[in-house]
Amino acid sequence: MDSHSLTALSPCCRFRSVKRIYAVLAAIVALVVALPALAHHSFSAEFDGSKLIELKGVVTRIEWANPHVYFFLDVKDDKGNTANWGCEAASPGSLHRQGWNRDSLKVGDQVIVGGYPARDGAKLADARRITLPDGRRIFGGTPGDGGPGDPKP
């Protein structure tokens with residue numbers, strides 16, 4: 001072949017070369033699209049299931065978005081210092097199926113969260129049980145994620 005490699009090829013060969021290029025590009029796009037799914041973590045990869053903690057605090061922010069709903073609490077420690085904790089719950093769809101709606105938890109609510117802390121020491125907890133201001137208790141975990149306290153079907 002000379003410097004005009006693709007133009008010197010017959011139309012049939014050029015078509016096969018273009019098909020291969022498109023196949024490689026499609027494979028790269030498929031891999032890039034799949035990366036977010038690979039990044040999703042299991043319960044035990046991020047949280048310590050052997051250390052149940054209880055957080056009592058006021059809801060300061062709620063992020064109702066996939067892949068997890070996060071809400072944040074201002075929690076006072078024994079010395080009166082306040083720390084803002086992130087609480088990870090299940091996905092919006094999973095929480096809806098468990099009876100949650102966007103009004104289940106509101107900024108300003110005083111709640112109690114039973115959950116498990118992040119392994120890396122961050123102020124982040126997997127929120128398994130949430131006691132609402134009216135005393136109702138709701139499950140916030142992802143059913144089937146392998147975490148402690150997962151309700152049995």
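Here is a short walk through the model, stop by stop.

Before you click, note that this is a predicted model, where local features need pLDDT of at least 70, side-chain atom pairs count only at pLDDT 80 or more, and totals for chains, interfaces and linings use all residues. Residues are numbered from 1 along each chain as its sequence is written, and side-chain values use heavy atoms, with hydrogens and water left out.

**Whole chain.** Start with the cartoon view: you should find 4 helices and 6 strands, taken as DSSP runs numbered from the N terminus (helices are H or I, at least four residues; strands are E, at least two). Along the sequence they run α-α-α-β-β-β-α-β-β-β. Colour by accessibility and 32% of the 153 residues count as buried (under 20% relative accessible area with a 1.4 Å probe, protein chains only; exposed is over 50%, partly exposed in between). For contacts, meaning heavy atoms within 4.5 Å, residues 24 or more positions apart account for 51% of those with a separation of 6 or more.

**Strands 2, 3 and 5.** Select 69–76 and 82–88, which are strands 2 and 3, paired in the antiparallel sense over 7 bridges (strands pair if DSSP finds at least two bridges between them). Asp74 has Asn84 as its bridge partner in strand 3. The two strands make a hairpin with 5 residues between them, and Gly80 in the turn has a positive phi of about 90°. Now add 124–131, strand 5, which pairs with strand 3 in the parallel sense over 3 bridges; Gly86 stands opposite Leu124 there.

**His68.** Step back to the loop between strand 1 (53–64) and strand 2, where His68 lies. Is His68 buried or exposed? It is buried, at a relative accessible area of 8%. Its side chain reaches the backbone oxygen of Ala89 at 2.9 Å.

**The core.** Show Leu55, Phe71, Leu73, Val113 and Ile130: of the 21 residues in the largest nonpolar core, these touch the most other members. (Such a core is a set of buried Ala, Val, Leu, Ile, Met, Phe, Trp, Tyr and Cys residues joined through side-chain atoms within 4.5 Å). Strands 1, 2, 3, 4 and 5 each supply at least two residues of this core, and strand 2 gives the most, with 4 residues. Centre on Val113: leaving aside neighbours within four places in sequence, its contacts include Leu55, Phe71, Leu73, Cys87 and Ile130. Apart from the largest core lies another, of 5 residues, among them Phe43, Phe47, Tyr116 and Leu124.

**Rings.** Next, pick Trp64 and Trp100, both buried. Their ring centres are 6.3 Å apart and their planes are at 35°, so the pair is tilted (centres of Phe, Tyr or six-membered Trp rings within 6.5 Å make a pair; planes under 30 degrees apart are stacked, over 60 edge-to-face, the rest tilted). Trp64 is in strand 1 and Trp100 in the loop between helix 4 (92–97) and strand 4 (110–117), so the pair ties together parts 36 residues apart in sequence. Then look at Phe72: the charged end of Arg61 sits over its ring, 4.0 Å from the centre (NZ of Lys or CZ of Arg within 6 Å of the ring centre and within 35 degrees of the ring normal).

**Leu105.** Finish in the loop between helix 4 and strand 4, where Leu105 is found. Leu105 counts as buried at 5% relative accessibility. Beyond its neighbours within four places in sequence, Leu105 is in contact with Val59, Ile62, Phe71, Trp100, Val111 and Leu132.

How values were computed. Polar contact = N/O pair within 3.5 Å; in protein donor to acceptor, adjacent residues only side chain to side chain.
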